[in-house]
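Got a minute to get to know a new structure? Have a look at the picture below, and then we'll walk through it together.

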Amino acid sequence: MTSIEQISEEAFSDRVLRSSMPTLVDFGSKSCGVCLANAPAVQNVADEYEGELSVVKVDVEASPGLANTYAVRSLPTLLMFKGGEVVDRMMGHLTRSSLARFVEKHLESGE
Amino acid sequence: MTFDEGRKQALLDDFREDGPLAKACLGAPESGGTESVAAESGLHVALLKLLVALGGHSRDPESLAFYLDLLSRIPAGTNGLDLVRSWYAAIWELPGVGIASGIKSTAAYADASAVIALVSDSRSHPVAPQEWRQARAALSAIGENIAPAEPVLAMAWDLDRVPGASADVFYGWQSATTLQIEQRLGWTIADADRLRPAFEEFSKHALAVAGPPDKDDDGWMSRYSAALETCWADRSDLSGLKQRYDAVNAAVADDRAAVTAAARKALIECAKATKADSI
């Protein structure tokens with residue numbers, strides 16, 4: 001199983017902005033029920049696209065600056081980063097298939 | 001771990017008595033309960049996740065009767081994975097509420113049928129992850145706004161790697177019927193957006209009147225509902241929209257009940273047809 005690392009504000013630049021592959025950032029919090037419900041689907045997608053997609057998570061309570069920087073107003077919000085920029089976002093409850101569809105638009109093979 | 005006769009009876013007894021296995025299964029999906037019950041019982045996680053999804057994660061008498069009926073019909077010696085795959089085929093073909101009937105006249109039918117063909121293949125030999133992915137991508141591309149494509153998309157996953165997809169199929173099927181009803185009755189996102197502020201305002205008011213929800217307070221729901229009704233009665237400007245919303249909700253509730261009943265029945269029938277030596 002691919003490990004989905006929770007990253008801090010300090011690590012964000014290296015792990016996300018300078019990542020050589022598309023990176024999905026899952027903004028959530030421990031008190032967010034929908035975030036917890038989404039977790040298995042996010043894990044499955046991380047496993048499915050391992051090697052093509054990096055997946056990390058940000059706890060907005062631990063890293064409020066990141067949530068503010070990227071205009072995360074509701075939870076969960078998933079942002080797709082490529083080349084250091086946000087290229088897409090998805091919010092709310094998701095399914096494996098809807099998340100896979102979202103991800104595939106931004107992978108090399110889908111361009 | 002094999003789902004042998006002893007484990008089968010232990011699981012049935014546990015569900016009858018609301019034991020630890022039943023509690024684990026019916027807990028929050030993200031709690032990993034079904035995984036632990038699969039490890040203990042020998043049943044495949046995908047089947048357990050489908051079982052509880054079809055039961056609404058509930059222990060009400062109707063759901064409990066369904067769990068016990070299904071579990072009693074799964075032959076000892078199987079793990080239930082093929083049962084899930086056979087259920088996919090069954091719900092695709094069901095007359096009336098079946099998924100194929102909603103997708104047949106759309107541009108997504110061929111790609112959806114390709115997914116069903118892969119599901120059929122998967123019953124006799126492993127399907128490579130790349131094949132599932134290609135089938136999913138093809139259906140995604142053409143079926144993005146076609147409601148009945150959603151449950152079929154959920155079928156396009158390897159159940160050994162992604163066992164939670166089995167429940168997604170059922171939820172996708174329910175969502176698809178909701179969308180189709182909304183389209184048929186002309187209920188739009190704009191309609192929902194017009195009502196949303198009223199819902200939020202009235203809910204706050206009703207909570208202020210009724211107090212915080214208390215499951216030990218038998219009168220709470222009546223007070224809450226009465227307060228809501230008073231709010232709606234004062235807004236004649238929204239009455240037409242609210243009546244349409246209530247009609248859509250009633251139609252959705254009826255349809256979801258029909259889909260749930262059909263889904264449960266199909267799984268029971270597939271279980272009856274499952275041979276003891278299938279895996």
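Here's a quick briefing on chain A, on a helix of chain B, and on where the two chains touch.

Keep in mind that this is a predicted model. Chain A has 4 helices and 5 strands, and the contact between the chains draws on 12 residues from chain A and 14 residues from chain B.

**Chain A as a whole**

- If you follow the sequence of chain A, the elements come in the order β-α-β-α-β-α-β-β-α.
- Its radius of gyration is 13 Å, close to the 13 Å that the globule rule gives for 111 residues, so chain A is as compact as a globular protein of that length.
- Measured out along its principal axes, the C-alpha trace of chain A spans about 35 × 30 × 25 Å.
- Of the 111 residues in chain A, 40% are buried.
- Take the contacts in chain A with a separation of 6 or more: 76% of them are between residues 24 or more positions apart.

**Strand β2 of chain A and its neighbours**

- How many of the residues of β2(A) are buried? The count is 6 of the 6, so this strand is largely enclosed by the rest of the structure.
- T23(A), V25(A) and F27(A) point one way from β2(A), while L24(A), D26(A) and G28(A) point the other way, and all are buried.
- β2(A), residues 23-28, pairs with β3(A) in the parallel sense over 6 bridges.
- Across that pairing, L24(A) stands opposite V55(A), and D26(A) has K57(A) as its bridge partner.
- β2(A) also pairs with β4(A), residues 77-82, this time in the antiparallel sense over 5 bridges, and here T23(A) stands opposite F81(A).
- β2(A), helix α2(A) (residues 33-48) and β3(A) together make a right-handed β-α-β unit.

**The other partner of strand β3**

- β3(A), residues 54-59, is joined by 2 bridges to β1(A), residues 5-6, and these two strands run parallel.
- E5(A) finds its bridge partner in β3(A) at V56(A).

**Where chain B meets chain A**

- Which elements give two or more residues to the side of chain B that touches chain A? They are α9 (129-143), α10 (149-155) and α11 (165-185) of chain B.
- Sorted by class, that side of chain B has 7 nonpolar, 3 polar and 4 charged residues.

**Helix α11 of chain B**

- The 21 residues of α11(B) should span 30 Å at 1.5 Å a residue, and its end C-alpha atoms are 30 Å apart, which agrees.
- The buried residues of α11(B) include A165(B), F170(B), W173(B) and I181(B).
- What covers the buried residues of α11(B) includes an element of the other chain, α4 (96-104) of chain A.
- From chain B itself, the cover includes α4 (45-54), α6 (81-93), α7 (99-103), α10 and α14 (239-273).
- Right after α11(B) comes G186(B), which has a positive phi, near 70°.

Key:
Residues are numbered from 1 along each chain as its sequence is written. Chains are lettered from A and ligands numbered from 1 in the order in which they are written. This is a predicted model: local features need pLDDT of at least 70, side-chain atom pairs count only at pLDDT 80 or more; totals for chains, interfaces and linings use all residues. Two residues are in contact if their C-beta atoms, placed from the backbone, lie within 7 Å. Ala, Val, Leu, Ile, Met, Phe, Trp, Tyr, Cys and Pro count as nonpolar, Asp, Glu, Lys and Arg as charged, and the others, Gly among them, as polar. The expected span of a helix is 1.5 Å times one less than its number of residues. A residue is buried if 20 or more other C-beta atoms lie within 10 Å of its own, exposed if 12 or fewer, and partly exposed in between; C-beta atoms are placed from the backbone. Two strands pair if DSSP finds at least two bridges between them. A crossover is right-handed if, with the strands pointing away from the viewer, the path from the first strand over the helix to the second runs clockwise. The radius of gyration is taken over C-alpha atoms; the globule rule is 2.2 Å times the number of residues to the power 0.38.
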